[in-house]
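The report that follows works outward from the charged side chains of one chain to its strands and cores. The sequence and structure come first.

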Amino acid sequence: MTLIGSGLVAQSPGSQFSSLAWKLTSIAAIDSMRFTVRWPSLAAKADTVAVVADLFPRDNGAASLKPQGFVFRIPGGRVSAPSGFALGFPKAVYDRAGILHVFWAEFTDDRSSERTWGTSARSVWHSSLSRTGWSTPEQVARGMIVGWSAESGQITVDARDEVHVLASVLDSAAGYVLAEYRRDGARWTRRVIAPVASYSAILS
C-alpha cells in the first residue's frame, strides 16, 4: 500500500487487498510547534478511540514548558488529564462498560525534564474516566523499582470486566518478582506470578 499526501492510503496495483483503503485523518490535538508526542497508547471501545501519551517540549530550555500528560478521544477531542496524571509511559484500556482506564508510572526523580525517563519507576498509578469524570488516582504497584516503560508493563480486561496489571517489581520483602495486580473491591491486590528463581526464564 502507498500513502498519498495526507488524505488516504490507496491500494497498490495488483494488490490482493484492492478492495480496502485506509483513511488518514489529521486532527489538531496539540501545538506541534512546541510539543512532540512520545510513547502513545491506543484503546478502543465500539466507535470511540482513546490515545494517551507523554508530551515533551521541543525546546528543553523553555522554562515555561514542562513535560505533561495527554489524553485524546475520537470522537470527543482532548480531555483534561486526571489529577496527578503528568507523565510516566501511560497505558490505556477500555472495560466492557465503556470506562477508560489509564495507568502511568511515577519516577524516582523530578518530572520536569526528559532526563527523568532514564530513571527507575517507583510506582504505578491508575485513574478511570466515566461520564462523571476522572476517579481519584490510586496507587496500584509500588517497589524499589517497578518495571514500567514503553516496552514493559501490561494491562488487560477479563470476561468478568476486571482490570489486570502485570509488572516486574523489586521490593525488600519478595525481591525481584513478576506480579499481577487486580482490583478487588475497593483495593488492588497483588499475586506473584514468578519469584526470583524463575523470573529470568520467563523473560528468555
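In this predicted model, Arg-160 counts as exposed, because its relative accessibility is 64% and the threshold for that class is over 50%. Arg-160 forms a salt bridge with Glu-162, in which the closest N and O atoms are 3.3 Å apart. Glu-162 in turn forms a salt bridge with Arg-182, again with 3.3 Å between the closest N and O atoms. Since Glu-162 sits in the loop between β13 and β14 while Arg-182 belongs to strand β15, this pair ties together parts of the chain that are 20 residues apart in sequence. Arg-182 is partly exposed, with a relative accessible area of 24%.

A further salt bridge joins Arg-190 to Asp-171, whose closest N and O atoms are 3.1 Å apart. This pair also links distant parts of the chain, for Arg-190 lies in strand β16 (residues 187-194) and Asp-171 in strand β14, 19 residues apart. Arg-190 counts as partly exposed at 35% relative accessibility, whereas Asp-171, at 15%, counts as buried. Through shared partners, salt bridges join Arg-160, Glu-162 and Arg-182 into one network. The whole structure holds 5 salt bridges, and the three described here are tabulated below.

| Salt bridge | Closest N and O atoms |
|---|---|
| Arg-160 with Glu-162 | 3.3 Å |
| Glu-162 with Arg-182 | 3.3 Å |
| Arg-190 with Asp-171 | 3.1 Å |

The strands that carry some of these charged residues are themselves paired. Strands β15 and β16 run antiparallel and are joined by 7 bridges, and within this pairing Tyr-181 stands opposite Arg-190 of β16. The hairpin that the two strands form has 2 residues between the strands, and in this hairpin Gly-185 takes a positive phi near 70°.

Tyr-181 also leads into the interior, as one of the residues with the most contacts inside the largest nonpolar core, a set of 21 residues in which Phe-103, Val-146, Trp-148, Val-165 and Trp-188 are likewise listed. Two or more residues of this core come from each of β9 (100-107), β10 (121-130), β12 (138-147), β13 (154-157), β14 (163-171) and β15 (175-184). Of these elements, β14 supplies the largest share, with 4 residues. Trp-188 touches Phe-103, Val-165 and Tyr-181, and its contacts beyond four places in sequence also include His-126, Glu-138, Gln-139, Val-140, Val-163, Arg-182 and Arg-183. Arg-182 is thus both a contact of Trp-188 and a salt-bridge partner of Glu-162. Apart from this core lies another, of 11 residues, among them Val-71, Val-79, Tyr-94 and Leu-100.

Strand β10 can be followed further through a single residue, Ala-121, which lies in that strand. At 4% relative accessibility, Ala-121 counts as buried, because that class takes in values under 20%. Leaving aside residues up to four places away in sequence, Ala-121 touches Ala-105, Glu-106, Phe-107, Met-144, Ile-145, Val-146 and Trp-148. The C-alpha atoms of Ala-121 and Gly-147 are separated by 6.8 Å, although these residues are 26 residues apart along the chain.

Elsewhere in the chain, an open sheet of 4 strands has the order β4-β5-β6-β7, with antiparallel pairing. Its edge strands, β4 (35-45) and β7 (77-79), each pair on one side only, and the twist averages 30° from one strand to the next. Between β4 and β5 the antiparallel pairing extends over 9 bridges, with Ala-44 standing opposite Val-49 of β5. In the hairpin of these two strands, which has 2 residues between them, Ala-46 takes a positive phi near 55°. Strand β5 (residues 48-57) is also joined to β6 (residues 68-74), in the antiparallel sense, by 7 bridges, and there Asp-54 has Gly-69 of β6 as its bridge partner.

Taken as a whole, the chain has a secondary structure of 1 helix and 16 strands. Of its 204 residues, 39% count as buried. Among contacts with a sequence separation of 6 or more, 37% are between residues 24 or more positions apart. The chain exposes about 11,700 Å², of which carbon and sulfur atoms supply 52%.

Conventions
Residues numbered from 1 in each chain as written. Predicted model: local features only at pLDDT ≥ 70, side-chain atom pairs only at ≥ 80, totals over all residues. Heavy atoms only, no water. Core = buried A, V, L, I, M, F, W, Y, C linked by side-chain atoms within 4.5 Å. Buried < 20%, exposed > 50% of the residue type's maximum accessible area, 1.4 Å probe, protein only. Contact = heavy atoms within 4.5 Å. Pairing = 2+ DSSP bridges. Axes fitted to C-alpha atoms, helices over the stretch in contact; angles between N-to-C directions. Salt bridge = Lys/Arg side-chain N within 4 Å of Asp/Glu carboxyl O. Areas by Shrake-Rupley, 256 points an atom, 1.4 Å probe, with all protein chains shown as cover.
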